[in-house]
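User: Can you walk me through the empty space in this model, and then the ligand site?

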Amino acid sequence: MTSSSAHQGPHAPALDLGGRTALVTGAAGGIGRACALRLAAAGAKVRAVDRDAAGLDTLAERATGLAGTVEPYVLDLTDLDAAEHAAAGTDVLVNNAGIQLVRPIEEFPPEVFHTVLTVMLEAPFRLIRGALPHMYGQGWGRIVNVSSVHGLRASAYKAAYVAAKHGLEGLSKTAALEGAPHGVTSNCVNPAYVRTPLVERQITDQARAHGIPEERVVSEVLLQDSALKRLIEPEEVAEAVAYLCGPHASFVTGTSLVLDGGWTAH
Ligand SMILES: NC(=O)c1ccc[n+]([C@@H]2O[C@H](COP(=O)([O-])OP(=O)(O)OC[C@H]3O[C@@H](n4cnc5c(N)ncnc54)[C@H](O)[C@@H]3O)[C@@H](O)[C@H]2O)c1
């Protein structure tokens, strides 16, 4: 039996993305920034996409001295044609950008529901669509979709976010099936609550929706279902993304790498 050329054996070297282009969306924010820095540290030329130009500049400064580079690419992902265009020529695609609104369904503004689905589901579809021709052409590509424990479980008051993440799970699995003959893997990473601005911003809304003071939100709402009673750090999520791009994960596709402190063990 011959071994696949894609399989590099149990003693393959650590992640080396020298010569590879990696696109990370939402790169100015918590998890996206950590992913961009991690992939640049592995030698990648990182196309850092975000609508926050100042945040991207800060990121680029922080990347100074790494083996790879970070190139700011200012883009609002609701411009779907521009998103698809931005993905052309990338070897690694990290669909990370996301937004959150915490509201009961009957108070949830339909236009916000639409925007959440556009940024967190339709844009990833268009980015994958834009990236695949180059990946298929060279017979190698890595797609990592930053989903959430909310891609696998629901929480009250997060209709748009939960719907988008469940959709992203399906998109990711479909890309895995279609990409397999072309050397392209597609996976999700599924963190529970990460210490980022997205979480800090929802504390007020969570307090109002659940009718409790803000200081009780982290322990009583965010960490209620987690066996490990702490937030996860963005760098820990970035390490999971790096694993899925590396030589030890060449047989991992169509799955969800759950970093949830035991939440889904319930
Ligand atoms: N923080 C958490 O607890 C947590 C948990 C699980 C999953 N996630 C997921 O991780 C991803 C990143 O979240 P984060 O916590 O780092 O959030 P964050 O708010 O810190 O960063 C998100 C980034 O996305 C960018 N962005 C948002 N809308 C955009 C648009 N239309 N066009 C371009 N850029 C846009 C923002 O400018 C920001 O830089 C999201 O998909 C989120 O759902 C977060």
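User: How many cavities of 30 Å³ or more are there?

Analyst: The count comes to one cavity of 30 Å³ or more. On a 1 Å grid over the protein atoms alone, a cavity is a set of points where a 1.4 Å probe fits but cannot get out, and lining residues have an atom within 4 Å of a point. This is a predicted model, where local features need pLDDT of at least 70 and side-chain atom pairs count only at pLDDT 80 or more, while totals for chains, interfaces and linings use all residues. Residues are numbered from 1 along each chain as its sequence is written, and side-chain values use heavy atoms, with hydrogens and water left out.

User: How much space is in the largest cavity?

Analyst: About 50 Å³. A volume here is the space filled by probe spheres set on the grid points, which are joined across faces, edges and corners.

User: Which residues line the largest cavity?

Analyst: Among them are T25, L77, N96, V119, M120, K165 and L168. The helix α4 gives the most to that lining, with four residues. Helices are DSSP runs (H or I, at least four residues), as are strands (E, at least two), numbered from the N terminus.

User: Switching to the ligand. Where does the ligand sit?

Analyst: The ligand takes up the space of the largest pocket. A pocket is an open set of points with protein on both sides within 12 Å along at least five of seven lines, and a molecule sits in one if more than half of its atoms lie within 2 Å of its grid points.

User: How much space is in that pocket?

Analyst: About 840 Å³ lies in the largest pocket. Of its 41 lining residues, A97, G98, I99, L198 and R201 are the closest to the centre.

User: And which element gives the most to that lining?

Analyst: α6, with six residues. The largest share of the shell around the ligand also comes from α6, with four residues.

User: Which residues come nearest to the ligand?

Analyst: D50, N96, Y161, V194 and T196, out of 29 around the ligand. A residue is near if one of its heavy atoms lies within 4 Å.

User: What polar contacts does R201 make with the ligand?

Analyst: A side-chain N or O atom of R201 is 2.7 Å from a ligand oxygen; a polar contact is a pair of N or O atoms within 3.5 Å. A backbone N or O atom of N96 lies 2.6 Å from a ligand oxygen, and one of L77 lies 2.9 Å from a ligand nitrogen.

How values were computed: Polar contact = N/O pair within 3.5 Å; in protein donor to acceptor, adjacent residues only side chain to side chain.
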